[in-house]
Structure formats: C-alpha cells, structure tokens
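The following exercises concern strand pairing, helix packing and a nonpolar core. Each task is followed by a solution in steps.

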Number of protein chains: 2
Amino acid sequence: MTRPRRAPGGFPVVGIVGGGQLARMCAGPAAELGVTLSVLAEAEDSSAALVVPSAPVGSHLDADAVRRFAADCDVVTFDHEHVPQEVLALLVADGVVVHPSPDALRFAQDKLAMRERLSALGVPCPRWTRADSAADVEAFAADVGWPVVAKTPRGGYDGKGVRVVSSADEVADWLERAAEEGTGLLLEEKVPFRRELAVLLARSPSGQAAAWPVVETVQTDGVCTEVLAPAPDLDDDLAGAAVGAGLRVAGELGVTGVLAVELFELDRKSPRGVELEGDDGPSFVVNELAMRPHNSGHWSMDGAVTGQFEQHLRAVLDLPLGTPSPRAPWTVMGNVLGGDHPELYSAYRHVMARDPGAKVHLYGKGVRPGRKIGHVNVSGDDLADLRRRAGHAAGYLEGAITE
Amino acid sequence: MTRPRRAPGGFPVVGIVGGGQLARMCAGPAAELGVTLSVLAEAEDSSAALVVPSAPVGSHLDADAVRRFAADCDVVTFDHEHVPQEVLALLVADGVVVHPSPDALRFAQDKLAMRERLSALGVPCPRWTRADSAADVEAFAADVGWPVVAKTPRGGYDGKGVRVVSSADEVADWLERAAEEGTGLLLEEKVPFRRELAVLLARSPSGQAAAWPVVETVQTDGVCTEVLAPAPDLDDDLAGAAVGAGLRVAGELGVTGVLAVELFELDRKSPRGVELEGDDGPSFVVNELAMRPHNSGHWSMDGAVTGQFEQHLRAVLDLPLGTPSPRAPWTVMGNVLGGDHPELYSAYRHVMARDPGAKVHLYGKGVRPGRKIGHVNVSGDDLADLRRRAGHAAGYLEGAITE
C-alpha cells in the first residue's frame, strides 16, 4: 500500500517530502497523535520508508511525482529544504496546504536571501557580502580580514558547501560555477565565537509559537556531534535575546513548523580583537536557519514534554502546540556517525547493557563513514556524567571506543 | 508491501500476532530502536495496520496464515493471548522463536491453569475452585459465602467473561457451555479489597528482569479508567512483596516480554470480616495475569525512562532491558473510551489547547460506546491536579464533559 489510509474520526494525513531520518522520527509521534503520515521517499529502503505504511517512491525534483503525492495529503511539509520553488509554486496553485510556505522556505533555501532579510530586520549577523568574482572576495577580506568564510547559497548541510579560505584562489571553482548559474557566493567574516548555540521553536499558521530552552551545540569537522540542553551557564539576558530573535524571525518570515536558528555566542571581543563596550553590542550572531526539525532538537524526543517531531506535526496541522518544558535538569544528545561497525546490532547490544538509561535512536540507515546513522539521549542531574555517558554510547556505536 | 523490509546492520524483525492498539504502540519504539515491526492484522484498517509498513491481513486462528507470517520474522510475540496452543505448537515445530513461549502463555490463556499454578507456588490467591455443575457452585458458596465471582477460564477481558453471582442459576448458561466444551468454570471468593494494584515487569529469555513501580488501577464497570503511578501511600513492604511475587511468577512460569500481574490490596479484614492477625497474612491476592503490554502500563510511555512497549520489544529480542525508573514523581493515565464524539478530531483540538502538557494517545479506531480508543498521560508533582487534568482530558474526548 503506498497511498495513505486515513484513520476514522476526521484525522488528517500529513505528507512529508523526503524520506530521511527527520521524516522517520515523525512516525512515532504521528502514531501517538492518531494522524496518518505519508512520505515521498527517495527509495523503498529510505530511512522513513522502513517505518511508515505509505511511502511512495519519487524525487522531490519531479513536479508530477510531488503533485501526485500531495493530492492524498491534507498538509505537505518537508524532511529537507531542497524542493525547488517551481515545484512548490505548482503545489500552491493546486490548492495544497504547504508548511512552511514557499515564501518562508526561500530563506532556508538561499543563504544570500536569508542574510539580506535578517540584516533588514536588524537581527545580528556576521558581516557578509555577495561575491561574484575574485575581486569581490579580495575586497571583502580587505575589510574584515582573512580568513573569510565562503558558502554556496544553496544545497549545503553539515559543513558541506562551506569553506574557510585565506585567498580568492581557494574558491575559484565555486566562483566559476556561481558565475555560470548566476547565483553568487555568500562571504561572511569568520566570527571568533565562544561556542555555538541553537534556538529551536515551533510556530503554527495561527501564530502560536513555543520555544524550547536554548541549547549548546558542539561541532566536529563541521558536523554536530553533541548537544547540551539547556546550554550550560548561559546568561539569562542572552538566552532571552536569542529566543526573542528566533521568535521575531519566525514571525517576520512567516515560518510554520519547527524553526532552528543556529547562533554563535560571541567572545567578549569584537571580531578584530577590540574589547566590546559594556553590554551594548549583541552577544550573538545568527549562523544558519533551518525550517524543519533539526539535529539540535533531537534531545527533545526524550528530554522535553513535547519533542520536536510531535511539535512539528502539531504546528503544520495548526493544532495547539505542546509544552516544550524539559523533563529533567539536563539532557545530552550524542550523534552517532557511521564508523567501523557495519554490523551495528552487536555494538548496540553492548551499549544497551552498559547503560540501561541511554535512549538509543537508530535510523535504519547503512553505515558509511561520517554519515549520521543515529543518536543517543541521556537525561539527569549531573551534566558531566551525562556527557560521558552520551559520548561513550555514541563512540562505541561508531567503533571509536572499544571497551 | 506486506512483507517486512529489514534495516541494514543485522537488525531483526519482530512479528506481532494481532493488530490492536498494543501492537500499534510498539511502532514508535520499534522505529526508534531501529528494529522492523511486522503485524498479522485482523483487517487492513486495524489499529496497528495503520502505522506499520508490513501488516499482512490474517486470522490468529488460521494456522497457515500465522505460519506464513512467522516465516518472515526473527521472533514472534502477541497483541493478545488468544492464539490457540495448536497454532503455537506448529510455530515452535517450525523453529520459530516465540515469546512468551506457549508453555508460559498457557497460564495467561486459561485462568484455571493460572490459579492451579499460582496456588502451587504459594502466591496469594483468592480462594477458588473449578465448577462443572450447579452443585459445585452451591458447595463453593457454602464455604466462602455468596456472592461468588464466576469466570470463564478463556477469552475474557475488560470485565467480559466475569460475573458476580448470588445463585448457581445466574451461571446456568456458562455451566452448560463449559460442560459441552469440558472446560469447567473458575469460581473465586469475592475479596473485599481496598483497591486494585498492578505489578508490571519485563523479563528476557536470558532471565534479566526489570519492574516498574507498583501502580494503582481504578476500574469503572470492570474496565480500567485510571492508573496512578506509583500507587499513592503504598506500604513499602507490600510494594516489595508484590514486586517479589511478580518476579517469582515471571521466573517460575518462564514468562518472556512484559508481564502484568493485577492485584487486590486487601482490607485489614479477612474476607469474612475477621480482623487479620498482625502482619501475618498476605496483604494482597493476585487477580489476573497478562503476558503482554497492558493497560496498567500505558503511563510508562511518557512517565518512565523506558516505556512498556520499548521494553517488551527489548525483552522478546533478548536485548538488555532499559531502566524502568519514573521520569516524574507522579504520572496519571486516563483511558479514553468511545463516547459521543464520532468526529473525535475537534474534541482533540480542544483538549490540546486546554492542556498543552497532556500527552494524548489515540489508537486510530472508530468510536463505539465503551471501546478503548485512546488514553491521556500527565506527569508532575501534584497528584490531585494530575488526576483532574487526566480526567478532564479523557472525559472531554469521551463527550462526558463538554466545557
């Protein structure tokens, strides 16, 4: 059966374009809520296709496939940001309810559009520019100093599409492609941040919004490896300002569903080493936006009264939102990346035996080095101990720890 | 697709015979654990069939259907106790791994066998006998006093198959059928209990066991309507003795998976009104056994680190068991029975708006009066407030409360 079968009682069908782990992790909450999930999957063995009854196979780039899929759904939402605006426009013309809307999603698809819009709203950003030539890169670096951060406006994730460069030569290939495609490159100053934070919230079409506590995210080689919820020792004013900025972005951009705003918490020095004056300047800048459930929110599946996948479903259905309060003083999430255990099942038994309180989440994906294949959540009172436990479980599943 | 598609990495397929809500509620945990679920469903729109990709339709009474189903699974377990021993024996002969085993399951299928075995083990039971005739009923009542509790040994649930009778005439029809079928009737003394409790635990084939805190269950017209976890004001010794009895039953009977032991907590008077002497006598008796996830454990989905559906999967797969500790001081579960809202969705919106912390679980079942169609969990510090909240949410969904 690839068409969704509706539950009785007026319960809707939510369609998700893309069959990755984010769609997969909606399956449990959908079953609990009583709503039906349908997934447009890349393949029959996509992560989400393994766990939902309705998972037609088709590409998000194939307008006909997406329209046929959407015709069976009451609302369409996304596992990723890569559905082209042309395809989204056809859905809207067909009368399909799409959340987030194409107008909002544009700012998650195009980082230049995002920077332009956030700057116009006065939301703190690193200094940035659009570069179309080597001369543009040199000019920007002359202003903010080398190295600079170069980003392809579209299609990047997990550190892909991002380079920290010390000369224009290092992005010659990207400039050439950008010139062909007319897209330009995004250049940003390299911000000397203390740490990375994320604001995660959900907003419904009615305008109700609910934010989880601000978390700290730890990246390794551009990939998130650990999340601490809430962010330890976070200044209350900073937390309030960060959540405020997230809510403002969600409202101004008309975001519906879950919004993740990745932040750099700034050093008490400016990018060029000048001491900031008192509390005047913003103490964070926005790094990236994502308009879908996000890795920085996986902790909420076990650590909050309402997890991000349940909340995303509630939001896109315009149902009242659930409480985002934590269930424990601390939750630590450790990402599991593909490592040396193609036969993951035996490592998994070991991890369960060693730590009966660890919540191990696996995505049904084949192991490839560096691929996100699961995560582990642990909750409790002792942050240092939780970090050790999450780190050990994730490391063992990766094969990086063997005892 | 009705055959299960296996995830890579050596992850197993768990088959559940029966597509009711207990099978359905395994779907979320299975997706999280990375194991594949397959369900032998009564119909294409069975509760569980709406949420798992592999849900072939077939009867648990049809040996061929059950054997074909089991051939694709690494372990077979159950949504209910009604698979006949003849069918189970064929599975075992086929080499299928079945948990709980037919030998254990027999004591959940046949209440006379259960009473006989528990009595032999010295586990506290009400006084009981097997009756094959009106004379047997009269003789038992002469001993323990009218009224007596009559039970059909097989097929009862939620108060069905149970009558409290004051004369043999009131079970004349059951005696006639029992004589035809050679099964006998179970008679029990009517125990003057303080309240009902339940011990819930899981046991794995390796013999590891983990018990959740003892809960209080509140029944209305023979159907569970509310569960308080843990049972308020429960004597520590009684709790220990009850869990001990549950663990002993699980071990002696060789139970694998989740075991629910329903108890009566006794008044400090004996059944015939005589004061008990000191602390000598047992302060509880076993009422019923169930060898599967059970209504008395639904609170654990939100209220414990490891919920009963995850734990059942871990147990039948012989994976290490998870921590059964509560996540909050109190969790209250309110059952939602079918009422006056065939279009449940609008009532559900109302409940979500009124109580953003309520965890509403719906089963995708059509509304019929008295049918279990969902439940609501709320967790926190204030038991009285939680009872009000769970009661209001369940009552509103039932249509019994309209404001």
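**Exercise 1.** Determine the strand order and the edges of the four-stranded open sheet in chain B.

*Solution.* The order of this open sheet in chain B is S4-S7-S5-S6, and its pairing is antiparallel. Strands are DSSP runs (E, at least two residues; helices are H or I, at least four), numbered from the N terminus, and two strands pair if DSSP finds at least two bridges between them. Strands S4 (128-131) and S6 (162-165) of chain B each have a single partner strand, so they stand at the edges and one side of each lacks a neighbour in the sheet. On average, neighbouring strands are turned by 25° against each other, direction ignored.

The model is predicted: local features need pLDDT of at least 70 and side-chain atom pairs pLDDT 80 or more, while totals for chains, interfaces and linings use all residues. Residues are numbered from 1 along each chain as its sequence is written, chains are lettered from A and ligands numbered from 1 in the order written, and side-chain values use heavy atoms, without hydrogens and water.

**Exercise 2.** Describe the pairing of S5 and S7 in chain B, and state which strands helix H7 of chain B lies across.

*Solution.* S5 (residues 148-151) and S7 (residues 185-189) of chain B pair in the antiparallel sense over four bridges. Within this pair, Ala150(B) stands opposite Leu187(B). Helix H6 (residues 111-121) of chain B packs on the sheet, touching S4, S5 and S7 of chain B, and its direction makes about 145° with that of S4(B). Contact means heavy atoms within 4.5 Å; axes are lines fitted to C-alpha atoms, for helices over the stretch in contact, and angles run from 0 to 180 degrees between N-to-C directions. Helix H7 (residues 134-144) of chain B lies across S4, S5 and S7 of chain B, at about 15° to S7(B).

**Exercise 3.** Characterise the packing of H5 on H6 in chain A.

*Solution.* Helices H5 (residues 102-109) and H6 (residues 111-121) of chain A pack at about 105°, with axes 5 Å apart. H5(A) is therefore roughly perpendicular to H6(A), a term for angles of 65 to 115 degrees. From H5(A), Arg106(A), Phe107(A) and Gln109(A) meet Lys111(A), Ala113(A), Met114(A) and Arg117(A) in H6(A).

**Exercise 4.** Which strands of chain A form a hairpin with two residues between them?

*Solution.* S10(A) and S11(A) form this hairpin, and Asp221(A) in the turn has a positive phi of about 50°. Five bridges join S10(A) to S11 (residues 223-229) of chain A in antiparallel fashion. Val218(A) stands opposite Glu226(A) in S11(A).

How values were computed
Angles under 35 degrees count as roughly parallel, over 145 as roughly antiparallel, 65 to 115 as roughly perpendicular and the rest as oblique.
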